[in-house]
Each structure stands twice: as structure tokens, then as C-alpha cells.
Amino acid sequence: MTPPSQAAAQARSPSFSSVEFRAALGMFATGVTIVTARGADGTLVGLTANSFNSVSLSPPLVLWSLARRAGSMPAFRAGSHYAINILAAEQHALAERFASKVGDRFAGVAWQEGTAGAPLIEGAAAVFECFNRSRYEEGDHVIFVGEVERCTHRAGAQPLIFHGGRYYTELPL
């Protein structure tokens, strides 16, 4: 056995398939967000993401990730601000809409303009308005770290949950 101080300098090749990896990741229940921004031309941009996490309380930082090949990548890479809208249980249809290829995802959606221009989805359980602080390219995704400039939450809201490829709502134990 190799002592910890002499550990390998790089990871070993995976012993599993992409399908097995995705299935294992699906065992982690997450909340569901819609990340929104404005493109350089003022176009509204938004997508469903469950790759959201807190990073730091001081300064207030959060992160999320986006596939490098995503059509919205240019807007998020170049933009100075975005909003992370944590969806409430009753917003299941919005999660599906913003995950689809529908043309105008914002058509008929109630939203307000945030302080830096990013759309804020009405009825969200919580909203984080973020400065696009840093980006890290890893694998087939870009990790965005946002510095939270403003946040709000709806007291008592039940979150929308994603687990094993399906949406759920919180149930008390």
C-alpha cells in the first residue's frame, strides 16, 4: 500500500460508465433553480439547473455550473450579473419549461427586473442576485461563482426537489 504522502499525482481511470455515474449522481436529492440573466443585446436568458451550492458566508458566495456547449454560455460567460431563483414546489411547470428547448422561455412567465437587470421569477422560494465573480472550466462544464449582492426568500415556501430524474415536493418526516 502506498503511504498517503506518496499518493498518485492524478486520478485513476474511472471504473464505471457514464450511465452508471449519472445514476449514482441521481441518488443525491437537490433543489431546483432557474438561473437568469440578460444577454449583451438585452435578450432574457434562463435555464433550469440543480447544480447550485453555497460556498461562503463572508463574503456571501454561491456556485452553479453550466455545460460548455450550452447555447446560453456566451451570455453567462460575458455578463456581469445573474440571478439564481430557487423554485418552490408549485413551480414544477417552470422547471420543465426552462429545461426544454422552447423558443421564448419567458413568454407568459411572471418576473421582475432585478437591481442589475437579471429577471427574478415571481413566486420563487428564494432569489440570489449575483455579481459574476469568477468562472472555472472543469471537464465539460464551467463552474460559476457568484458574489451575492441581494437575496430574498418567501417564508414558509416548500421547495421543489429533484431526485433520480424526477421532481418531488418536500414532505414532513
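This passage describes strand pairing, nonpolar cores and selected residue environments in a predicted model.

Strand S2 (33-38) takes part in two pairings, since it runs antiparallel to S3 over 6 bridges and antiparallel to S6 over 4 bridges. Thr36 illustrates both of these pairings, as its bridge partner in S3 is Gly46, while its bridge partner in S6 is Ala83. The hairpin formed by S2 and S3 has 5 residues between the strands, and within this hairpin Gly42 adopts a positive phi near 90°. Of the 6 residues of S2, 5 are buried, so the strand is largely enclosed by the rest of the structure.

A further set of 3 strands forms an open sheet in the order S1-S11-S12, with antiparallel pairing. Its edge strands, S1 (30-31) and S12 (166-169), each pair on one side only. Strand S11, which comprises residues 160-163, is joined to S12 by 4 bridges in the antiparallel sense, and in this pairing Ile161 stands opposite Tyr168 of S12. In general, the strands of a sheet pair through backbone hydrogen bonds, in either a parallel or an antiparallel arrangement.

The largest nonpolar core contains 23 residues, and those with the most contacts inside it are Trp64, Phe76, Tyr82, Ile84 and Phe144. At least two residues of this core are supplied by each of S2, S3 (44-49), S5, H2, S6 (81-86), S9 (126-138) and S10 (141-153). With residues up to four places away in sequence left out of the count, the contacts of Ile84 include Trp64, together with Thr33, Ile34 and Val35, and also Ala126, Val127 and Phe128. A second, separate core of 10 residues includes Leu87, Leu94, Val109 and Leu160. Such grouping may be set beside the general tendency of nonpolar side chains in soluble globular proteins to be buried together.

Two residues outside the regular elements differ in their exposure. Ser72 lies in the loop between strand S5 (61-67) and helix H2 (73-78), and it is buried because its relative accessible area of 16% falls under the 20% limit. Apart from residues up to four places away in sequence, Ser72 touches Val45, Leu47 and Leu66. Phe16, by contrast, is found in the segment before helix H1 (18-25) and is partly exposed, with a relative accessible area of 42%. Together with Phe21 and Leu25, Phe16 makes a nonpolar surface patch of about 310 Å².

How values were computed. Residues are numbered from 1 along each chain as its sequence is written. This is a predicted model: local features need pLDDT of at least 70, side-chain atom pairs count only at pLDDT 80 or more; totals for chains, interfaces and linings use all residues. Side-chain values use heavy atoms; hydrogens and water are left out. Buried means under 20% relative accessible area, exposed over 50%, partly exposed in between (1.4 Å probe, protein chains only). Contact means heavy atoms within 4.5 Å. Two strands pair if DSSP finds at least two bridges between them. Patches are made of residues with over 30% relative accessible area and no salt bridge: like charges are joined within 9 Å, nonpolar side chains (Val, Leu, Ile, Met, Phe, Trp, Tyr) within 5 Å. Accessible areas come from the Shrake-Rupley method with a 1.4 Å probe; for residues, only the protein chains shown count as cover. A salt bridge is a side-chain nitrogen of Lys or Arg within 4 Å of a carboxyl oxygen of Asp or Glu. A nonpolar core is a set of buried Ala, Val, Leu, Ile, Met, Phe, Trp, Tyr and Cys residues joined through side-chain atoms within 4.5 Å.
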